[in-house]
Each structure stands twice: as C-alpha cells, then as structure tokens.
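Trainee: I have a new protein model open and would like to learn how to read it. Could you walk me through it with me?

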Amino acid sequence: MKKAITASLTGMLVAGALLIPAAVNAQTKAAATAAPAIAAPATATPAAPVAVTPDARAAIKDLIETTRTRDNLSKAFQAMSQSLAPQMAQAMNISIENNASLSAEQKQKVRANMTTPFDNAVKEAVTMLTDPKVVDESIERMYPIYAKYYTPDEIRQITAFYKTPVGTKSLTAMSQVINESMAAGFSVVQPRLNALMEKTVKKEVDVVTKGSPVDAVTKGAPAKK
C-alpha cells in the first residue's frame with residue numbers, strides 16, 4: 001500500500017511538471033500550503049515509450065536545463081513532503097475501511113495499531129520525495145514524453161523563447177499570472193456556488209419547518225364533500 005501511495009504521488013507531480021515550466025512554480029507554491037489529493041494508481045496498461053533520438057535528447061536536455069525543471073521539480077517534491085501526512089492518513093484509512101476481509105472489530109484493531117507504522121511510512125515517503133535519485137528518474141521519464149509531442153526542431157524553438165528576456169521572465173512571472181487568474185476565476189464562481197448551496201439548503205429547511213408545498217396546498221384547499 002505504501003508503494004502504491006508513493007508511486008501515485010510521484011506520477012502526479014511529474015505529470016504536473018510537464019505542463020509548462022511556469023506551472024511547476026505555481027504548483028510548488030500551492031503544495032506548500034495544501035497537498036493535492038492522492039491519485040489512485042493507474043490500472044490501464046501504459047503505452048510503449050517513444051524512442052528518443054540523440055538529436056531529440058540533446059534538444060530536450062537543453063530545454064529542461066533552460067527552464068530549470070530539475071530545480072522546480074525538486075522544490076515541488078520538497079513542498080509535497082511537508083504536507084504529506086494528512087493525505088496518507090486518509091488513503092490508508094480508506095484502504096482499511098474498504099477491506100472486505102476485515103470485520104468492523106478487526107478494522108478498529110488495525111487502526112489502533114497503526115500509529116507507529118504510519119509514522120514510519122510518512123518518514124519513508126518524505127525520504128523518498130527528497131531523494132535526488134527520484135528527481136533524476138522523473139527527469140529521465142520526461143524525455144520520451146517530450147519526444148512524443150514535439151519534434152527536435154520544435155523543442156529548440158521553445159528553448160529559444162525561454163532564452164529570450166521575455167521567456168526568462170515568463171518562467172517566474174507566469175506562475176503569478178496563473179495563480180492570480182485562477183483566483184479571479186474562483187472569485188466569479190464562488191459567489192454563485194454559495195448562492196446555489198444556500199438556495200438548496202433553504203428549500204429543504206422550509207420543507208421541514210413550514211411543511212412541503214404539497215402539504216400547504218392540501219391544508220389550504222376546501223374539504224371535498
């Protein structure tokens with residue numbers, strides 16, 4: 001179970017790092033305050049990796065170095081390690097609860113005995129996330145993904161942009177643009193969601209406290225002769 005949890009965390013962060021370099025910066029800041037939900041391990045058979053030619057590898061390596069992907073990914077893993085315990089606790093609790101081979105009493109005993117094993121698992125996960133070898137392996141897995149979607153020439157064009165003044169600025173400024181844009185969108189949606197929830201709750205409260213609309217009509221209607 002620990003292996004599945006840590007594997008899913010690694011996959012999730014690597015996937016986030018592949019979006020755009022600026023997104024990694026935004027993700028790092030977000031992870032420092034709230035850990036994303038632990039994704040369920042994938043069950044589908046992964047597609048065969050794309051062959052990476054020497055030309056493509058050189059182009060991708062230059063892009064990764066230019067965008068400081070290794071440093072950003074390391075920071076993202078580090079931020080994740082600081083807020084890992086609640087997510088692991090939730091995942092393990094769900095695993096215990098969904099174990100059909102355990103009775104209710106046995107589930108309770110497993111939970112009661114989990115304090116030390118859980119602490120050890122968290123320490124092991126933190127050690128894994130802060131291991132430079134994990135970053136190296138994650139970076140290595142990016143090569144065939146980039147090669148799948150971009151030609152070497154396209155990679156070089158992207159790298160050339162990030163080497164320009166505006167490209168260099170985008171590596172840091174775009175994370176702020178993403179964060180503030182998401183906040184702006186949330187400020188539009190949140191009041192509407194709140195109003196919808198309040199309306200829904202009020203309707204059900206009225207049914208309980210004042211009677212259902214059907215009851216009100218029935219009570220107000222003259223008795224049939």
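Mentor: Gladly! Let's begin with a cut-off: a residue is called buried under 20% relative accessible area, exposed over 50%, and partly exposed in between. Keep in mind that this is a predicted model.

Trainee: Is Leu 193 buried, exposed or partly exposed?

Mentor: Leu 193 has 39% relative accessibility, so Leu 193 counts as partly exposed. Leu 193 is found in helix H10, residues 165-210. Together with Val 188, Val 189 and Met 197, Leu 193 forms a nonpolar patch on the surface, and the four have about 330 Å² of accessible area together.

Trainee: Now the inside. Which residues touch the most other members of the largest nonpolar core?

Mentor: A nonpolar core is a set of buried residues of certain kinds, joined through side-chain atoms within 4.5 Å. Here the largest one has 27 residues, and Ile 60, Met 88, Ile 139 and Tyr 146 touch the most other members. At least two residues of this core come from each of helices H3, H4, H5, H7, H8 and H9. H8 gives the most, with 7 residues.

Trainee: Let me look at one helix alone. How many residues does H3 have, and what span does it reach?

Mentor: H3 has 13 residues and reaches 18 Å from its first C-alpha to its last, close to the 18 Å expected at 1.5 Å a residue.

Trainee: Which residues of H3 are buried?

Mentor: The buried ones are Ala 56, Ala 59, Ile 60, Leu 63, Ile 64 and Thr 66. They cover an arc of only 165° around the axis, so they sit on the same side of H3.

Trainee: What about charged side chains? How many salt bridges are counted?

Mentor: To read one, look for a side-chain nitrogen of Lys or Arg within 4 Å of a carboxyl oxygen of Asp or Glu. By this rule the count comes to 12 salt bridges. One of them joins the side chains of Lys 61 and Glu 65, at 2.5 Å from N to O. Both residues lie in helix H3, 4 residues apart, about one turn of the helix. Lys 61 is partly exposed, with a relative accessible area of 40%, and Glu 65 is partly exposed too, at 49%.

Trainee: Which salt bridge links distant parts of the chain?

Mentor: Try Asp 136 and Arg 70, whose side chains meet at 2.4 Å, N to O. Asp 136 is in helix H8 and Arg 70 in helix H4, 66 residues apart. With a relative accessible area of 40%, Asp 136 is partly exposed; Arg 70 also counts as partly exposed, at 40%. Helix H8 also holds Pro 132, which counts as exposed at 55% relative accessibility. The C-alpha atoms of Pro 132 and Arg 70 are separated by 9.7 Å, although the two residues are 62 apart along the chain.

Trainee: And which residue forms a salt bridge with Lys 107?

Mentor: That is Glu 97, with the closest N and O atoms 3.8 Å apart. Lys 107 lies in helix H6 and Glu 97 in helix H5, so the pair ties together parts that are 10 residues apart in sequence. Lys 107 has a relative accessible area of 13%, so it is buried, whereas Glu 97 counts as partly exposed at 42%. Salt bridges that share partners join Glu 97, Lys 107 and Arg 111 into one network.

Methods: Residues are numbered from 1 along each chain as its sequence is written. This is a predicted model: local features need pLDDT of at least 70, side-chain atom pairs count only at pLDDT 80 or more; totals for chains, interfaces and linings use all residues. Side-chain values use heavy atoms; hydrogens and water are left out. Buried means under 20% relative accessible area, exposed over 50%, partly exposed in between (1.4 Å probe, protein chains only). Patches are made of residues with over 30% relative accessible area and no salt bridge: like charges are joined within 9 Å, nonpolar side chains (Val, Leu, Ile, Met, Phe, Trp, Tyr) within 5 Å. Accessible areas come from the Shrake-Rupley method with a 1.4 Å probe; for residues, only the protein chains shown count as cover. The expected span of a helix is 1.5 Å times one less than its number of residues. The arc is that of the directions from the helix axis to the C-beta atoms.
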